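User: I'm new to this one. Can you walk me through it?
Analyst: Sure, here it is.

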Amino acid sequence: QVQLVESGGGLVQPGGSLRLSCAASGSIFNIYTMGWYRQAPGKQRELVATFTRDGSTLYSYSLKGRFTISRNNAKNTVDLQMNSLKPEDTAVYYCNLRTGIRIAYAIDYWGKGTLVTVSS
């Protein structure tokens with residue numbers, strides 16, 4: 001089993017910044033993706049940013065430039081720095097980790113989510 005623990009959510013004013021952190025532990029094998037998704041009220045869960053197997057990053061096109069993902073491989077942590085936040089960034093942010101011995105057997109794990117509210 002894999003555990004993902006997120007932290008750093010909260011209430012922030014428009015234009016402000018927040019940093020989310022996620023720590024992974026447990027039976028972690030090859031990491032195929034590790035990153036962040038979000039789900040706003042009444043909407044589907046969507047990709048925010050993630051690292052891929054080769055270390056490259058994928059961002060939601062609309063968020064790139066305001067959000068930055070970073071990772072500590074030794075500690076199995078991934079952070080999301082969010083700047084210039086807007087009310088439409090309000091959502092529950094989920095940490096995601098896809099791991100397995102082989103890609104065909106990889107499993108997606110999810111954290112419980114951390115709420116980010118952007119409001120004045």
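Analyst: One cut-off to start: buried means under 20% relative accessible area, exposed means over 50%, and partly exposed is in between. Also, this is a predicted model.
User: Okay. Is S84 buried, exposed or partly exposed?
Analyst: Partly exposed, because its relative accessibility is 40%.
User: Where does S84 lie?
Analyst: S84 lies in the loop between β8 and β9 (91-100). Its phi is positive, near 50°, and it is a residue other than glycine.
User: Why point out the sign?
Analyst: Because most residues other than glycine have a negative phi.
User: What about N76, what is its phi?
Analyst: About 55°, so positive again, and N76 is not a glycine. N76 sits in the loop between β7 and β8. At 21% relative accessibility, N76 counts as partly exposed.
User: How do β7 and β8 pair?
Analyst: In the antiparallel sense, over 6 bridges. Strand β8 covers residues 77-82. One bridge links R71 to V78, which is in β8.
User: Switching to the sheet. What is the strand order?
Analyst: The order is β1-β3-β8-β7. These 4 strands form an open sheet with antiparallel pairing.
User: Which strands stand at the edges?
Analyst: β1 (2-7) and β7 (67-72). Each has a single partner strand, so one side of each has no neighbour in the sheet.
User: By what angle are neighbouring strands turned against each other?
Analyst: By 15° on average, ignoring direction.

Terms used. Residues numbered from 1 in each chain as written. Predicted model: local features only at pLDDT ≥ 70, side-chain atom pairs only at ≥ 80, totals over all residues. Heavy atoms only, no water. Pairing = 2+ DSSP bridges. Helix = DSSP H or I, 4+ residues; strand = E, 2+ residues; numbered from the N terminus. Axes fitted to C-alpha atoms, helices over the stretch in contact; angles between N-to-C directions. Buried < 20%, exposed > 50% of the residue type's maximum accessible area, 1.4 Å probe, protein only.
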